[in-house]
Amino acid sequence: MPDRNNRLLYKIDSPDDIKKLSPDELVQYCDELRDFIVTELAENPGHLGSSLGALELGVALQYVYNTPNDKVVWDVGHQAYAHKIITGRRDKFCTNRKLGGLSGFPSIKESDYDSFGVGHSSTSISAALGIAIGEKLNNQQHKVVAVIGDGALSGGLAYEGLNNAGVEKTDLLVILNDNRMSIDKNVGAMKEYLLNITTSGKYNRFKNDVWKSLADYPRIRRWFQKLSNVVKLGILQQSNLFESLNFRYFGPIDGNDVTYLVKVLKDLNSIPGPKLLHILTVKGNGFNPAIKDQTKWHAPGKFDPDTGELECNCGEDHLPPKLQEVFGHTIVELAEKNPKIVGITPAMPTGCSLDIMMEKMPERTFDVGIAEGHAVTFSAGLATQGIIPFCNIYSSFMQRAYDNVIHDVALQNLDVVFCLDRSGLVGEDGATHQGVFDIAAFRSVPNVIVSSPMDESELRNLMYTAQQGGCGAFVIRYPKTRALSKNWETPFTTLPIGKGRVLKEGENLAILSFGFIGNNAREAIEKAEKEGISVAHYDMRFAKPLDHELLHEAGKKFKNIITIEDGVINGGFGSAVLEFMNDKNYRTSVHMVGVPDKFIPHGTIKELQHICGMDSEGILKKIKEIS
């Protein structure tokens with residue numbers, strides 16, 4: 001056990017405590033905080049690399065600003081562990097991402113120090129601007145800071161916020177945390193632009209020195225600002241995007257030097273209006289393994305905190321592959337046969353396994369950055385040229401591109417394949433990441449097919465079917481889980497659109513399942529059979545279009561039907577079945593099992609399925625209730 005009496009870490013229970021530290025003690029505290037985070041995450045996995053990289057920033061912000069009156073808005077929140085620990089949650093940090101414990105992201109429900117709830121990218125500037133203007137309207141004069149990473153800066157919402165903030169001329173500080181990474185390496189022109197700005201230290205030092213010296217001469221300051229644009233062209237050979245949006249630009253500076261960071265933040269407090277501080281940090285800073293392989297150590301799982309050796313997953317070598325890997329290998333297999341196929345992902349090639357195709361076919365694979373709407377409309381443009389885009393987006397992130405799917409793909413009836421990874425309950429990332437809204441969202445849109453495989457062979461067959469074209473938008477949703485078998489490389493079969501299959505006949509009632517969650521239903525049915533309850537099982541495959549033939553069969557034969565889906569009940573697959581039964585005047589009672597009308601918190605997938613009654617135990621209970 002650590003000696004709490006001799007460690008600063010255990011003397012800091014709030015931001016007020018951290019303000020009592022000397023500059024040297026701040027450095028010591030950062031070292032102890034880093035060791036604490038590494039030790040905790042070695043046993044209780046979470047987002048390591050980004051939190052280590054932004055650790056000094058989290059400390060400096062609490063040292064300089066008077067939170068929670070002053071507001072700090074984090075983008076995404078992967079990097080906010082130091083912030084959480086400083087703001088009174090150190091002793092609860094062991095519960096991070098666990099059921100009933102701390103959220104892995106800032107949450108306004110959890111702490112007054114969490115000014116805005118986050119989990120998705122590129123929101124901080126817009127939210128912070130709203131908070132700043134709200135403060136002004138309420139006659140408050142607190143400081144507002146938005147922290148955004150260079151990866152999140154590839155999202156269009158960030159520029160909408162910057163554009164608006166520059167016009168409003170609100171006293172807002174945006175801190176650009178530039179580590180040249182998001183999860184995978186950043187891509188796009190903005191990455192190159194920021195890299196070029198980081199070479200302009202001479203210009204920035206000159207500008208900041210002169211700006212400070214002219215603090216009492218506003219007219220001369222304005223003249224100098226115009227002159228600096230001319231000087232900038234000579235030194236940088238380019239204009240500064242942020243200053244063109246009416247932001248005063250400062251930097252770049254070392255964001256892992258806590259004492260210097262504190263000094264700069266204090267200096268910026270006296271400068272009114274919108275400002276942007278560009279800091280350079282190292283993802284995984286202070287922990288060499290996380291620096292050497294930043295993608296792997298974004299969220300590495302369990303590891304040895306002393307050696308950096310990842311926990312051996314030797315047993316996984318004998319397990320079936322993840323569905324993500326099945327997708328990754330299958331799209332390569334299809335693309336080798338069909339030259340029209342391309343792969344698209346918004347900044348998640350490793351997570352969705354599109355990196356497999358990226359390595360083999362780089363010219364036909366596109367990582368477009370954290371820009372889901374662009375990924376969809378880019379896919380639509382490709383489709384107009386006869387290309388077959390496989391656009392792979394996490395289900396919860398696809399929510400951001402809903403308009404693009406409707407207007408740019410469905411309305412024009414273009415052939416785009418949407419592979420919605422991480423559908424259903426995703427576990428420890430919690431409410432911001434649960435992929436439970438896609439069925440209800442896309443079932444209502446014309447020219448959209450909504451499908452979901454019950455196993456890895458069906459995933460392959462749905463992909464094979466979708467790439468044949470002529471179907472319009474083709475959604476294939478699947479969860480983050482393993483295949484059922486190691487023998488996943490099955491021959492391709494074209495699946496008839498809107499047709500399900502009967503897995504088992506029964507007499508007492510029927511279960512209609514949609515997607516991989518049907519395997520829980522299968523387990524429940526086997527248990528029910530042992531108790532003398534005969535249950536039929538239909539794997540529907542498609543929530544849109546529905547298999548009317550199977551539904552007529554079930555409606556005529558059974559008084560009770562249970563629908564099961566790994567998504568929200570309201571407006572989902574079960575609702576579609578209920579609508580059909582009502583329209584056809586069947587007197588069948590439809591009992592819907594799925595995600596209730598509330599946001600589901602973080603926990604393991606098994607725990608969350610149990611809470612929603614979607615595990616085999618909950619389904620069996622429902623069977624017994626109505627049989």
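This report walks through two nonpolar cores and two individual residues of a predicted model.

## Ground rules

Residue numbers start from 1 along each chain as its sequence is written. Because the model is predicted, local features need pLDDT of at least 70 and side-chain atom pairs count only at pLDDT 80 or more, while totals for chains, interfaces and linings use all residues, and side-chain values use heavy atoms, leaving out hydrogens and water.

## The cores

Let's start inside. The largest nonpolar core (buried Ala, Val, Leu, Ile, Met, Phe, Trp, Tyr and Cys residues joined through side-chain atoms within 4.5 Å; buried is under 20% relative accessible area, exposed over 50%, partly exposed in between, with a 1.4 Å probe and protein chains only) has 80 residues, and Phe 418 and Leu 512 touch the most other members. Helix 14, residues 323–337, chips in the most, with seven residues. Another core lies apart from this one, with 53 residues including Tyr 29, Leu 57, Val 264 and Phe 303.

Setting aside neighbours within four places in sequence, Phe 418 has contacts (heavy atoms within 4.5 Å) that include Val 376, Cys 391, Met 398 and Ile 476.

## Asn 338

Asn 338 sits in the loop between helix 14 and strand 6 (341–345); helices (H or I, at least four residues) and strands (E, at least two) are DSSP runs numbered from the N terminus. Asn 338 counts as buried because its relative accessible area is 15%. Beyond four places in sequence, Asn 338 is in contact with Arg 364, Ile 388 and Gln 467.

## Glu 40

Over in helix 2 (residues 23–43) you'll find Glu 40, which is partly exposed at 21% relative accessible area. Its contacts, neighbours within four places aside, are Phe 93 and Cys 94. Glu 40 and Asn 96 are 56 residues apart in sequence, yet 9.4 Å apart in space, C-alpha to C-alpha.
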